[in-house]
Amino acid sequence: MFGRWAWGVSMKVRFGTGIVACSFAAALLSSTSNVRAADLGGDCCADLEERIAELEATTARKGNRKVSLTVAGQVNRAILLWDDGVEDNAYVVGNKNDQSNFSFTGEAEITKGWKAGYELTVRLLDNLSDAVSQDDDNGDQGFFVWQSHWWVESEKLGKFSMGLASRVSDTAPETDLSEAGVAGYAGVQDIGGGFALRLRDGSLAPIGWGDVYNHFNGDTANIVRYDTPEIAGFVASASWGEDDVWDVGLRYAGEGGGFKLEGAIAYTELTDGTDEVIGNTLGLDQSTLVGSCLCCTR
């Protein structure tokens, strides 16, 4: 087979309640009826900071002192350059490493030591980097619900969640302290995974790079989940749902001696037998042990 390479240049813009990239802040503020026209003469930076503070005061942040609503999201687009030994090209894609999304999260204190909340996250299918190929430079377009669940948490008893939520094995093989997941991480199939392998005779094989690489991440499913309170840096978890998907796992995060350490391990049993479970596109039964760990200086 011929060699293959693919790499991308990515730009990501995050937004949230009262936090807007400066390049967009001026345009947004100029169109807000309750904010006066900007006077960029003189001390322009102080003027911009004042208007950002006004924007923060008017965003949907809190219903009252006990209930909060946070709106957040990001737009993440990339240029994907590829060469499979016979053809080469460049596509503008959605970066699947950390794809575009928007979310609504709420939290309320029930009583001292108890709180409840919900999370709704919608991801964009915007010509994703793992969906394009040699024959298709336009992947799927649209939206899909990534998370939609509610939870109740006790400081002493732990956290119970129900709905479309992360399985315990979600992110277990992806421990990363580099803050560089937008460029690349354990899920190497997310960049160029839709491209077919090129055979020696120049024809395209019936399998793609996404079929060859799989880091067995758990993703999300319709489940019930329980997480223990943190004990000496450790959190144990279990989840079940989807007739029949269940996970158990353990996570650790701590610091000492000038080092920071994080790690996770999870075991998954998936006997659903369909492709309806996110991340199980082939509908295969799975019994998988995944994990990762990382240590770095502070």
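Is Cys293 buried or exposed? In this predicted model, Cys293 is exposed, its relative accessible area being 63%. The legends below begin with the chain as a whole and then turn to individual sites.

**Figure 1. Overview of the predicted chain.** Three helices and 14 strands make up the secondary structure of the chain. The chain has 298 residues, of which 34% count as buried. Its accessible surface comes to about 16800 Å², and carbon and sulfur atoms account for 58% of that area. Among contacts between residues at least 6 apart in sequence, 60% join residues at least 24 apart.

**Figure 2. The largest nonpolar core of the model.** Eleven residues form this core: Ala78, Leu80, Trp82, Tyr91, Val93, Val132, Ile191, Phe195, Leu197, Ala205 and Trp209. At least two of the core residues come from strand 2 (67-83), and at least two from strand 3 (88-94). Strand 2 gives the most, with three residues. A second core, separate from this one, has five residues, among them Val168, Ala172, Ala264 and Val290. As a general tendency, nonpolar side chains in soluble globular proteins are buried together.

**Figure 3. Surroundings of Gly208 in strand 9.** Gly208 belongs to strand 9, which spans residues 204-208. With a relative accessible area of 9%, Gly208 is buried. Apart from neighbours within four places in sequence, the contacts of Gly208 are with Gly193, Phe195, Ala196 and Leu197. Of these contact partners, Phe195 and Leu197 also appear in the largest nonpolar core. Arg198 lies ten residues from Gly208 along the chain, and the C-alpha atoms of the two are separated by 9.1 Å. Arg198 is also linked with Asp84 and Glu87 in a network of salt bridges.

**Figure 4. The salt bridge between Asp247 and Arg167.** The side chains of Asp247 and Arg167 meet with an N to O distance of 3.5 Å. Asp247 is located in strand 12 (residues 245-256), whereas Arg167 is in the loop between strand 7 (158-166) and strand 8 (196-198), so the pair ties together parts of the chain 80 residues apart in sequence. Both partners are withdrawn from the surface by the accessibility criterion: Asp247 is buried at 1% relative accessibility, and Arg167 is buried at 4%.

**Figure 5. The salt bridge between Asp130 and Lys96.** The count of salt bridges in the model comes to seven. In the pair formed by Asp130 and Lys96, the closest N and O atoms are 3.0 Å apart. Asp130 sits in the loop between strand 5 (114-126) and strand 6 (141-154), and Lys96 in the loop between strand 3 and strand 4 (101-111); the pair therefore ties together parts that are 34 residues apart in sequence. Asp130 is partly exposed, at 24% relative accessibility, and Lys96 is partly exposed as well, at 21%.

**Figure 6. The salt bridge between Glu107 and Lys115.** The closest N and O atoms of Glu107 and Lys115 are 3.7 Å apart. Glu107 is partly exposed, with a relative accessible area of 35%. Lys115 is also partly exposed, with a value of 31%. In general terms, side chains of opposite charge can pair when their charged atoms come close.

**Figure 7. A nonpolar patch on the surface.** Tyr118, Trp150, Phe160, Met162 and Tyr226 together make a nonpolar surface patch of about 470 Å². Tyr226 is part of strand 10, residues 220-227. The relative accessibility of Tyr226 is 36%, so this residue counts as partly exposed.

**Figure 8. Cysteines outside disulfides.** The structure holds zero disulfides. For Cys293, the nearest cysteine sulfur belongs to Cys295 and is 8.6 Å away, whereas a disulfide requires two cysteine sulfur atoms within 2.5 Å. For Cys295, the nearest cysteine sulfur is that of Cys296, 6.6 Å away, and Cys295 is likewise in no disulfide. Cys293 is exposed, at 63% relative accessible area, while Cys295 is partly exposed, at 47%.

Terms used:
Residues are numbered from 1 along each chain as its sequence is written. This is a predicted model: local features need pLDDT of at least 70, side-chain atom pairs count only at pLDDT 80 or more; totals for chains, interfaces and linings use all residues. Side-chain values use heavy atoms; hydrogens and water are left out. A nonpolar core is a set of buried Ala, Val, Leu, Ile, Met, Phe, Trp, Tyr and Cys residues joined through side-chain atoms within 4.5 Å. Buried means under 20% relative accessible area, exposed over 50%, partly exposed in between (1.4 Å probe, protein chains only). Helices (H or I, at least four residues) and strands (E, at least two) are DSSP runs, numbered from the N terminus. Patches are made of residues with over 30% relative accessible area and no salt bridge: like charges are joined within 9 Å, nonpolar side chains (Val, Leu, Ile, Met, Phe, Trp, Tyr) within 5 Å. Accessible areas come from the Shrake-Rupley method with a 1.4 Å probe; for residues, only the protein chains shown count as cover. A salt bridge is a side-chain nitrogen of Lys or Arg within 4 Å of a carboxyl oxygen of Asp or Glu. Contact means heavy atoms within 4.5 Å.
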